Each structure stands twice: as structure tokens, then as C-alpha cells.
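Trainee: Could you take me through one part of this structure slowly, beginning with how the strands are arranged and then moving on to the helices?

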Amino acid sequence: MLDRDADLNTFQRKKSSRSLESKASIHTFFLRDDVSRMTTGRKQTITVRKKKMQKRLLSDTLKNLHRKFGSEKSDNVSYCLFCACRPFWVVAPTDADRATCQCKTHENLQFMADTLYSHGIVVSKNIEEMVDRTVCATDMKACAYGDCVECRLTTHPTLKSATEEIVQVVQWSTERTGEEERKTITLKKEVQSTESDLVSKFQENLFKFRKHLLTSGGNTVLTDSYGKASKPTSA
Ligand SMILES: [Zn+2]
Ligand SMILES: [Zn+2]
């Protein structure tokens with residue numbers, strides 16, 4: 001009788017540790033970059049019980065993702081359990097989510113600008129305004145692609161020369177979690193850099209950002225004429 005009870009306990013313990021394992025693997029699954037995409041917008045956060053998290057957007061319907069999970073894992077978890085183990089910040093995209101550019105390029109450049117601004121190196125931290133300062137016109141394809149002789153080499157003005165002082169800059173970084181290429185996770189990291197390295201990286205990325213602004217829909221009109229462009233009236 002005693003032995004039977006002991007066996008039963010072991011059995012129950014085994015069973016519950018297995019279900020804990022499934023829950024953890026479902027949780028991890030939802031956070032994979034091929035299952036949900038990290039948002040970077042400042043307003044794209046969800047708070048539950050005082051825990052504020054950056055939203056991640058599901059790449060597919062829960063039904064399809066449940067099927068995907070089942071095809072990869074040997075243990076069959078029910079659709080109910082699968083849905084119940086979804087982290088609260090992993091959600092289906094809304095129209096507002098679709099409207100904002102959610103790329104890391106945008107946000108990483110913003111973090112660099114924030115650091116440079118707080119160190120008194122640049123006068124503004126509005127990255128679209130900063131791009132505007134380096135080109136003849138933000139809607140000119142030639143300027144955005146670096147084909148315009150007038151602004152090809154223009155960098156953003158700095159207020160003082162950068163030093164070798166170490167500064168902290170936040171960056172979104174993608175890291176692999178498993179053997180396979182697609183199993184990655186995107187996370188925010190504090191990166192160290194010298195002021196002068198950060199300035200050169202910023203200038204380089206600001207240049208790439210011209211094209212990104214034009215192609216990501218940040219600017220409405222795309223002027224396809226090459227050649228000399230004059231700055232819009234706002235200058
Ligand atoms: Zn973007
Ligand atoms: Zn130009």
C-alpha cells in the first residue's frame with residue numbers, strides 16, 4: 001500500500017514536471033523571431049500587473065502557429081494549453097502596429113542620436129530632422145541613394161569634437177538561441193563605445209537612413225528625377 005502511494009507520487013511529480021517543460025518550451029517558441037516580431041515603437045508596450053513589456057507581433061494566426069509548434073516538437077500539446085502559455089506581450093498586430101515602421105534601423109539610430117544629444121555633441125535628437133540637414137531634399141531619390149554630388153558627402157554637424165571617452169548606447173540586437181539560423185531572439189542591449197566611434201557610426205548610419213526613410217514610407221512623395229535639387233521652402 002505504501003509502495004503504491006510512493007509510486008503514485010513519483011508518477012504525479014514526473015507528469016507535472018513534464019507539463020512545466022511543455023509550458024516553458026511553448027513560451028520560448030512564442031519569443032522566437034520567426035514566430036513573433038519585436039516592435040520598437042515607444043508606444044508599443046503592454047503592461048500587465050505592473051510589468052511593462054515591449055510588444056511582439058505574431059507572424060501568423062494562433063491556429064497555424066500551433067500546427068507549426070506541433071510539427072517541430074514531439075510532445076502534443078493541446079491548442080488550449082498552447083494559447084494559455086502565450087506570453088502576454090506577444091499579440092496579433094493591430095492596424096496602428098502596421099502603420100509604424102517597426103524596424104531596428106529606425107530605433108537603433110534613434111538610440112545613437114539620444115546618446116550623442118545627451119553628451120552635447122549634436123543639437124537635436126530628431127533623426128528625421130537630422131537627415132534633412134544632410135541632404136538637399138529628403139524626397140529626392142538621388143540624395144537618398146547617395147548619387148547627388150551636392151550632398152553625397154555631407155555629414156551632420158557636430159557641436160564639439162568627439163573624445164575617446166567611453167559612452168553607453170542602447171541597441172537592439174539579434175542573437176541566436178539555437179543551432180538553427182532562424183532561432184533568434186531580439187533584445188535590447190547596452191553597448192559601450194567611444195564617443196568618436198559612435199559619431200562615425202552615427203554618420204554612417206544616418207547616411208543609410210536617408211534611403212530607409214524614402215523606402216519605408218516615412219516620406220510620402222518619391223521624386224524620381226536625378227540632378228540638382230533645391231531645398232524645399234522650409235530651409
Ligand atoms: Zn524604419
Ligand atoms: Zn542632394
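Mentor: In this predicted model, a good place to begin is Ser36, whose bridge partner in β4 is Leu58. That pair belongs to the ladder between β1 and strand β4, residues 56-58, where 3 bridges join the two strands and the strands run antiparallel. As background, the strands of a sheet pair through backbone hydrogen bonds, in either a parallel or an antiparallel manner. Stepping back from the single pair, β1 and β4 are part of an open sheet of 3 strands, in the order β1-β4-β5 and with mixed pairing. Because β1 (36-38) and β5 (90-91) each have a single partner strand, they stand at the edges, and one side of each is left without a neighbour in the sheet.

Another pairing involves strand β2, residues 45-48, and strand β3, residues 51-54, which are antiparallel and share 4 bridges. Within this pairing, Thr45 has Gln54 in β3 as its bridge partner. The hairpin that β2 and β3 form has 2 residues between the strands, and Arg49 in this hairpin takes a positive phi near 45°.

Turning to the helices, consider α2, which spans residues 62-72 and whose buried residues are Leu65, His66 and Phe69. These residues cover an arc of only 105° around the axis, and therefore they lie on the same side of α2. The other side of α2 carries Lys63, Asn64 and Ser71, which are exposed.

Helix α6, residues 127-134, can be read in a similar way, with Ile127, Met130, Val131 and Thr134 as its buried residues. Their arc around the axis is only 100°, so they are placed on the same side of α6. What do the buried residues of α6 pack against? They pack against α5 (104-118) and α8 (195-215).

For the second of these helices the geometry can be described further, since the axes of α6 and α8 come within 10 Å and cross at roughly 105°, which means that α6 is roughly perpendicular to α8. At this crossing, Ile127, Glu128, Met130, Val131 and Thr134 on the α6 side meet Leu206, Phe209, Arg210 and Leu213 on the α8 side. Sorted by class, the contact of α6 with α8 consists of 6 nonpolar, 1 polar and 2 charged residues.

Terms used: Residues numbered from 1 in each chain as written. Chains lettered and ligands numbered in written order. Predicted model: local features only at pLDDT ≥ 70, side-chain atom pairs only at ≥ 80, totals over all residues. Pairing = 2+ DSSP bridges. Buried ≥ 20, exposed ≤ 12 C-beta atoms within 10 Å, placed from the backbone. Arc of directions from axis to C-beta. Contact = placed C-beta atoms within 7 Å. Axes fitted to C-alpha atoms, helices over the stretch in contact; angles between N-to-C directions. Parallel < 35°, antiparallel > 145°, perpendicular 65-115°, else oblique. Nonpolar A, V, L, I, M, F, W, Y, C, P; charged D, E, K, R; others polar.
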